[in-house]
Amino acid sequence: MERKTPVWDAPPDVVELMGDVSGNELNGWGESGERQPTLVMWANPSKLAHGRVQERMTREFLDHPELSGVLRTDDRHEPEPIAPTALQINPERWLHDLTERAIGGSGENGEGQVELVGVARVRPEWFFEGRSSPLSTIVILGVVMDHAELNTAPEHTSAIEVHKQYNRGTAAARLLADWIRARGYDAIGHGGPGAGPIQMVPAAIAAGLGELGKHGSLINRDYGSSFRLAAVLTDAPIAETSPDSFGVDDFCYGCRVCTDACPPDAIAPDKRLVRGATKWAVDFDRCLPYFAVSYGCGICIAVCPWSKPDAAPRLAEIMTRRLAERAD
Ligand code: SF4
Ligand code: SF4
């Protein structure tokens, strides 16, 4: 089906900054072998193929009177020392206490700062090329965005909300890491948009925070795509949480809201082979130029029907029922 709106064309200065390296090739489009992902954004721009585009974005943020205040440019955080005696409790108790600390705390001293928590054992293929960690467990945190603000995308007001939540997630991850270190285990907190050594989305899927949507972002059964991620890598023996499945794939095959809404037409109707797996994948080379001139865009996650306030639980219920009926 034809899209109803014309496709946006990148201005010549952004085309020039993009250069001639394909981000889709770097991302492994069409590759049948599994490999670690290449870092394509949110790192030292001098080391990125599209670092000049990132620099342009950063400049635009810093020059904006309202955005400059929320852009986290100081990444220094001195972790607390690791306590000399390691706490001996079982993995389930670890998970319970950690979740309570992250979600259900008093709101004081960094407690109760996130809405979602999941835990997975780290897999080598989640690390970016050339990066690794001896820490074998990842705690994934989800922080919910105000959908009304997100829905102003591609205006700067949406970017303010996105970065406020990235900052909240980063602070929560660092505080949770310190909480783990005080119990005698190593832990390092990472927050977005620069995620440290590891891709957070596949870890979040494994930990049950949601399923991958056609727009390339997570869809959660309570919040849709209206949330951001942060993570803690640790060697604490915390029980894993399970992946969640509630029919996102089926829903996405029958929906084209994000495909139609994406100005540069970066969201394809079908899955692609990417580094050995067939999955939804956004066209980086089409997305990035628009992303760069629209404060990080975010239209696709804002318009997703699952992201509308209170919509996700109802959709999850409908889709779960359909899956069950089909299985009968
Ligand atoms: S962020 Fe914007 S440009 Fe990129 S895929 Fe989503 S809607 Fe399209
Ligand atoms: S807008 Fe529709 S197709 Fe796109 S991710 Fe959301 S549910 Fe899937």
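F246 is buried, because 24 other C-beta atoms lie within 10 Å of its own, and 20 or more is enough to count as buried. Keep in mind that this is a predicted model.

Where does F246 sit in the chain? Find the loop between β6 (227–234) and α8. F246 belongs to that loop. Now look at its contacts. Leaving out residues up to four places away in sequence, F246 touches R221, A316, M319 and T320. I318 is 72 residues from F246 along the chain. Yet the C-alpha atoms of F246 and I318 are separated by 8.8 Å.

Next, follow the chain to ligand 2. Its surroundings include G213, K214 and H215. F251, C252, C255, V257 and C258 are also among the residues around ligand 2. So are C304, P305 and W306. Two elements give two or more residues each to this shell: α8 (248–253) and α9 (257–261). What classes of residue make up the shell around ligand 2? There are 8 nonpolar residues, 2 polar and 1 charged.

Finally, turn to ligand 1. It has 14 residues around it. Which of them come nearest? They are C262, C287, C297, I299 and C300. Helices matter to the layout here too. Both α10 (284–293) and α11 (299–303) supply at least two residues of the shell around ligand 1. α10 gives the most, with 3 residues. By class, the shell around ligand 1 holds 12 nonpolar and 2 polar residues, and no charged ones. The shell around ligand 2, by contrast, does include 1 charged residue.

Key. Residues numbered from 1 in each chain as written. Chains lettered and ligands numbered in written order. Predicted model: local features only at pLDDT ≥ 70, side-chain atom pairs only at ≥ 80, totals over all residues. Near = placed C-beta within 6 Å. Helix = DSSP H or I, 4+ residues; strand = E, 2+ residues; numbered from the N terminus. Nonpolar A, V, L, I, M, F, W, Y, C, P; charged D, E, K, R; others polar. Buried ≥ 20, exposed ≤ 12 C-beta atoms within 10 Å, placed from the backbone. Contact = placed C-beta atoms within 7 Å.
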